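Here is a report on one protein model, written for work on its pockets and its packing. Please look over the sequence and the fold before reading on.

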Amino acid sequence: MENWKDPGTLQGLDEVRKEIDQVDDRLKELFLRRMQLVDRVAEIKSGSKDAVYQPGRETAMINRLTEGVEDRFVDEYAEFLRQILRLSKEYQTKKRESHPCG
């Protein structure tokens with residue numbers, strides 16, 4: 001358990017952390033793009049009676065996106081997706097409530 005003190009291990013850790021930082025930068029970019037699209041969806045739905053929450057679509061999305069994910073990551077990835085969808089729904093609801101057509 002003392003490997004974390006080994007300089008070779010620390011160098012490897014630094015490299016992995018740099019790669020994680022790069023992934024996080026890409027996740028940020030993709031999240032912001034997704035929220036821009038959610039904003040457009042909210043605008044479109046504001047003029048209609050479409051419900052923000054559509055459980056069938058959400059279930060289908062999670063099922064599609066978790067296909068092929070390693071078993072050891074499926075639960076965490078599905079939760080990651082649920083959190084993104086929760087934030088998207090909250091944003092759409094907030095936007096709809098502030099829209100003049102409500």
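## Fold and confidence

Counting from the N terminus, the elements follow one another as α-α-α. The secondary structure amounts to 3 helices and 0 strands. This is a predicted model. Its mean pLDDT is 89, and 87% of the residues reach 70 or more. Among the elements, α2 has the highest mean pLDDT, 96, while α1 has the lowest, 91.

The protein has 102 residues, and buried residues make up 19% of them. Take the contacts between residues at least 6 apart in sequence: 67% of these join residues at least 24 apart.

## Two pockets

The table sets out the two pockets.

| Pocket | Volume | Lining | Nonpolar | Polar | Charged |
|---|---|---|---|---|---|
| Largest | about 370 Å³ | 15 residues | 7 residues | 3 residues | 5 residues |
| Second largest | about 310 Å³ | 13 residues | 11 residues | 1 residue | 1 residue |

Start with the largest pocket. Arg34, Arg57, Met61, Leu85 and Gln92 are the lining residues that lie nearest its centre. Three helices each supply at least two residues of this lining: α1 (7–46), α2 (55–66) and α3 (71–98). The largest share comes from α1, with 5 residues. By type, the lining of the largest pocket holds 7 nonpolar, 3 polar and 5 charged residues.

Now the second largest pocket, with about 310 Å³ of space. Closest to its centre are Leu30, Arg34, Phe80, Leu81 and Ile84, out of 13 lining residues. Here too α1, α2 and α3 are the elements that give two or more residues to the lining. Which helix gives the largest share of the lining of the second largest pocket? That is α3, with 6 residues. This lining divides into 11 nonpolar, 1 polar and 1 charged.

Arg34 appears in both lists: it is among the residues nearest the centre of the largest pocket and among those closest to the centre of the second largest pocket.

## The nonpolar core

In soluble globular proteins, nonpolar side chains tend to be buried together. In this model the largest nonpolar core has 5 residues: Met61, Ile62, Ala78, Leu81 and Leu85. The elements that give it two or more residues are α2 and α3. Helix α3 gives the most, with 3 residues.

Some core residues also turn up at the pockets. Met61 and Leu85 are among the residues nearest the centre of the largest pocket. Leu81 is among those closest to the centre of the second largest pocket. Setting aside neighbours within four places in sequence, Leu81 is in contact with Ile62, Leu65 and Thr66.

## Two buried residues

Is Thr66 buried or exposed? Its relative accessible area is 14%, under the 20% cut-off, so Thr66 counts as buried. Thr66 lies in helix α2. Beyond its neighbours within four places in sequence, Thr66 is in contact with Val74, Tyr77, Ala78 and Leu81. Of these partners, Ala78 and Leu81 belong to the largest nonpolar core.

Lys95 is found in helix α3. Its relative accessibility is 18%, again under 20%, so Lys95 counts as buried. Which residues does Lys95 touch, not counting those up to four places away in sequence? They are Asp39, Ala42 and Glu43.

Notes: Residues numbered from 1 in each chain as written. Predicted model: local features only at pLDDT ≥ 70, side-chain atom pairs only at ≥ 80, totals over all residues. Heavy atoms only, no water. 1 Å grid on protein atoms, 1.4 Å probe; cavity = no way out; pocket = protein on both sides within 12 Å on 5 of 7 lines; lining within 4 Å. Points joined across faces, edges and corners; volume = space filled by probe spheres on them. Helix = DSSP H or I, 4+ residues; strand = E, 2+ residues; numbered from the N terminus. Nonpolar A, V, L, I, M, F, W, Y, C, P; charged D, E, K, R; others polar. pLDDT = per-residue confidence, 0-100. Core = buried A, V, L, I, M, F, W, Y, C linked by side-chain atoms within 4.5 Å. Buried < 20%, exposed > 50% of the residue type's maximum accessible area, 1.4 Å probe, protein only. Contact = heavy atoms within 4.5 Å.
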